[in-house]
Amino acid sequence: MTKNTLRTAEKIPSPTPSQPLTAEARPVHQQQRRNPPIAGELAAIALAQQGDGASFEVLYNMHKRRVYSLCLRMLGNVAEAEDLTQEAFLQLHRKIATFRGDSAFSTWLHRMAVNVVLMHLRKKGLPLVSLEETLEPSQEDGPRKDFGTRDLTLSGSIDRITLEQAVEELPPGYRMVFVLHDVEGYEHNEIAEMLQCSIGNSKSQLHKARMRLRILLRQKADGKVDA
Amino acid sequence: MTSDRIHTPRECDEFQQQLPGLFDSEHGLQQHAHLRTCKNCSSLVRDLEYIAAQAKLLLPIHDPSPAVWNNIQTVLSRQAKDGNKSS
Ligand SMILES: [Zn+2]
């Protein structure tokens, strides 16, 4: 019944004018850069909040790629990523009426998706942050004169696909923090809260993830040269 | 610029152990005396900064299969039916 109103998306006022739906609660943040307002989103949210199925589908199509990519990068597994994308949107459906526009909708939704993934991993009994990885740096993380003699930097040598592959090869604990911080733009305090670890722990895991990536990327770069 | 100076592994180690914290305070990192004189650690820091910068460019590129939306629809319509029955 409300399908036809979607085309006039931008003209429909927010249901709570005092709290515009696109208002950002946080200062400048990578989340903002990555979550620009999407044309038609406000109207679709308002209608979906009233139970309009077609508008919910519009929201799904607007956000499925971001949510799925997030799940896939965090989990490294297509089947699980699809299951959890489904779960995230079902949860969105249950909770959309509670969205009040304190943050951008996409920020709100992505945080929900992150929580769905983390809940899933907790249920599986997997540690979100590996303590061994944190407390005992393995040799490959350790110092580290290894590349100095070649005086070679990675700069300019990696493309997106190579980096994607290297991220997939990270141990789950490292990958989680790396994806949340460097790819998704969450701050350490947010990650610490999500993973229920200390901020120092989050920083340390991120550092180790980058160190491991450096090794993986150098190996890949060497492979290319050798080939 | 870095001026060449041989650093002991211990000096490099101590510097690298501080790195996780230094990355968050960019001034702290760039001003660090060790970086001005250690080629090895400078190259390490450049690489890690480069990796972080490249990661920001990893945009979402994967789409879920159409089955995902079909499943969502199935669940939602089943819930709607159950809801109607119980009300
Ligand atoms: Zn050094």
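**A tour from the zinc site of chain B to the domains of chain A**

Begin by selecting Asp13(B), which lies in helix 1 of chain B, a helix made up of residues 9-22. The model on screen is a predicted one, and in it Asp13(B) counts as partly exposed, because its relative accessibility is 22%. Adding Cys41(B) to the selection shows a residue 28 positions away from Asp13(B) along the chain, with a separation of 9.5 Å between the two C-alpha atoms.

Next, select the zinc ion, whose protein donors are Cys12(B) through SG, His34(B) through NE2, and Cys38(B) and Cys41(B), each through SG, at 2.0 to 2.4 Å from the ion. The angles subtended by the 4 donor atoms run from 101 to 116°, so the arrangement is tetrahedral. Read along the sequence, the donor residues follow the spacing C-x21-H-x3-C-x2-C. Because Cys12(B) sits in helix 1 of chain B while Cys38(B) sits in the loop between helix 3 (33-37) and helix 4 (39-56), this pair ties together parts that are 26 residues apart in sequence. With the surface displayed, Cys12(B) is found to be buried, at a relative accessible area of 3%, and Cys38(B) also counts as buried, with a relative accessibility of 3%.

Now move to chain A and colour domain 1 (28-123) and domain 2 (131-226) separately. Where they meet, 17 residues of domain 1 are in contact with 17 residues of domain 2, and the area buried between these domains of chain A is about 1,600 Å², with carbon and sulfur atoms giving 47% of it. The count of salt bridges between the two domains is 3. As a last stop, select Arg73(A) and Glu164(A), which form a salt bridge whose closest N and O atoms are 2.6 Å apart.

Terms used
Residues numbered from 1 in each chain as written. Chains lettered and ligands numbered in written order. Predicted model: local features only at pLDDT ≥ 70, side-chain atom pairs only at ≥ 80, totals over all residues. Heavy atoms only, no water. Helix = DSSP H or I, 4+ residues; strand = E, 2+ residues; numbered from the N terminus. Buried < 20%, exposed > 50% of the residue type's maximum accessible area, 1.4 Å probe, protein only. Donors = N, O, S within 2.8 Å, 3.2 Å for Na, K, Ca; no water. Tetrahedral: all angles 85-135°; square planar, octahedral: opposite > 155°, others 65-115°. Domains from an automatic or database assignment. Contact = heavy atoms within 4.5 Å. Buried area = accessible area lost by both parts, 1.4 Å probe. Salt bridge = Lys/Arg side-chain N within 4 Å of Asp/Glu carboxyl O.
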